Amino acid sequence: MVKNITIFTTDSCAYCGMIKKYLRSKGHIYDEVNLDSNPERHAEAQQLSGARTVPVTVVTKHDDSREIIVGFNLAKLAPALS
Amino acid sequence: MQDKLEVVVYGADWCPDCLRVKNILEKHKIDYRYHDVDKDKKMEKEMLALTDNHYTIPTLKIDGQIMQDPDNSVLLSALKLPSDLLSTHEVIMIGGGPASLAAAIYTTREDIETVIFERGVVGGLAAVTDKIDNYPGFPDGIEGLTLADNLQQQAQRFGAVIELGEVNKINDEGKYKRLETSSGDYYAKAVLIATGSDYKKIGVPGEKEYYAKGVHYCATCDGAFYRDKRLVVVGGGNSAVQEAIFLTRFASHIDILVRGESFRASEVLQKELESKFKNKISVHFNTTTDEIVGDGDQVVKVVGTDKVANAKVEFPTDGVFVFVGLSPNSQFLKESAIKLDELGFVITNNRLETSMKGVFAAGDIRSGATMQIASASGEGATAALMIREYLEGKHHPVQN
């Protein structure tokens with residue numbers, strides 16, 4: 001079971017918009033961290049993903065385990081949400 | 001046919017998912033009552049009473065069961081229809097870029113039921129391009145993401161359905177083509193291949209190792225990680241110059257490495273670079289990119305060759321953005337009986353038909369394409385008209 005979802009995004013990132021649309025279409029609620037508005041959180045996004053890219057989607061489960069999906073990757077995101 | 005269920009749909013004219021749901025009901029000849037909650041406040045009240053005041057459209061009442069914006073499989077199950085019915089379509093378009101979105105506007109306006117499969121971002125490469133200055137009708141240019149959104153909304157307004165998923169193979173089974181997809185098998189009378197292209201890799205040491213950790217192919221996605229950093233952009237075409245200009249909003253300095261002796265980019269872009277961005281961008285012609293060097297965690301420099309001086313050159317940098325041309329997204333066709341040219345682009349005749357009857361191709365993926373968004377849209381429109389003729393049974397001799 002999913003406890004919460006956080007997505008790191010930027011304004012110009014088309015894939016971020018797609019992730020958000022996908023999550024909404026599946027009825028998921030998420031928190032968004034826009035790195036253009038919150039540049040101080042760049043390092044956090046980079047540390048979580050090990051990459052300098054967005055979107056980074058952090059899916060936290062009820063047992064507090066986390067899955068981190070880098071980029072628009074439905075093959076990883078869909079099972080993480082199940 | 002299913003005729004025992006009592007189905008009520010609450011929706012609005014502008015709502016794409018309402019249209020999707022209505023299309024499914026009509027396709028399967030299921031009687032339903034439709035209430036427009038925008039126009040009829042009494043019906044809006046009735047809907048809110050059913051949904052505990054949650055306003056979501058479409059809301060459906062199927063034999064007393066309330067559903068809000070169900071996806072296709074949930075709806076199908078509630079309608080007690082076999083699950084494979086929804087996987088049979090008149091047209092399936094593979095790839096959700098400008099070519100198929102334009103084609104879908106035409107097919108759906110002609111009442112040809114159309115599903116688009118997109119594995120990544122709707123709008124394709126156009127959606128991840130910062131600004132598009134050469135698409136007709138936008139005198140001040142238009143952001144790629146906005147153009148993609150507009151095309152998507154226009155296609156969905158007429159009933160195009162966009163499914164997120166990947167097509168892995170196309171099989172010719174006569175009247176229907178069977179598409180093996182990440183969501184199972186789908187069937188279509190006609191198929192449009194419009195999978196477009198993606199940025200090419202340069203194929204040098206370090207490129208793969210530092211992918212997304214300093215080596216990038218999408219400036220609008222990853223540029224923000226380079227605020228006040230140095231960057232290298234590799235390439236000399238429109239994309240390289242356009243994206244280097246975009247990256248100046250973050251980077252402190254950009255070196256553009258161009259293998260040739262001049263840019264291939266348009267004069268307008270070159271002039272813009274020269275007049276507005278000279279202080280932030282240095283251009284190095286006749287310079288190859290030989291190696292991307294990092295410290296294990298991140299990129300520290302690019303090593304190249306100055307072909308005129310025949311000497312090694314180094315560019316200290318925090319990241320590299322590569323725009324050296326386009327390669328076709330046709331890997332999934334390697335196992336299909338569809339002819340590709342030597343570079344992997346799909347071969348078509350002048351009616352945009354591929355070597356498999358009933359399968360068409362348009363846009364960047366097509367052999368001979370001009371790799372322009374406007375051309376892709378135009379080819380999409382042409383393909384839609386050819387598909388209509390094909391579905392009407394009009395056959396033309398192949399002209400190559």
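Q: In this predicted model, how many residues of chain A are in contact with chain B, and which element of chain A gives the most?
A: The contact involves 19 residues of chain A and 20 residues of chain B. On the chain A side, the elements that give two or more residues are α1 (14-25) and α2 (42-49). The top contributor, with 5 residues, is α1(A).

Q: Which residue class is most frequent on the side of chain A that touches chain B?
A: Charged residues number 2 there. Polar residues number 6. The remaining 11 are nonpolar.

Q: Which strands stand at the edges of the sheet in chain B?
A: The sheet is open, has 4 strands and shows mixed pairing. Its order is β2-β1-β3-β4. Two strands have a single partner each, so one side of each lacks a neighbour in the sheet. They are β2 (33-36) and β4 (65-68) of chain B.

Q: Which residue of β2(B) is the bridge partner of B:G11?
A: Strand β1 (residues 7-11) of chain B runs parallel to β2(B), and 4 bridges join them. For B:G11, the partner in β2(B) is B:D36.

Q: At about what angle does helix α2 of chain B run to β3(B)?
A: Helix α2 (residues 41-50) of chain B lies across β1, β2, β3 and β4 of that chain. Its angle to β3(B) is about 70 degrees.

Q: Are α8(B) and α9(B) roughly parallel or roughly antiparallel?
A: Their axes come within 10 Å and cross at roughly 30 degrees. Angles under 35 degrees count as roughly parallel. The two helices, α8(B) and α9(B), are therefore roughly parallel.

Definitions and conventions. Residues numbered from 1 in each chain as written. Chains lettered and ligands numbered in written order. Predicted model: local features only at pLDDT ≥ 70, side-chain atom pairs only at ≥ 80, totals over all residues. Axes fitted to C-alpha atoms, helices over the stretch in contact; angles between N-to-C directions. Parallel < 35°, antiparallel > 145°, perpendicular 65-115°, else oblique. Contact = placed C-beta atoms within 7 Å. Nonpolar A, V, L, I, M, F, W, Y, C, P; charged D, E, K, R; others polar. Pairing = 2+ DSSP bridges.
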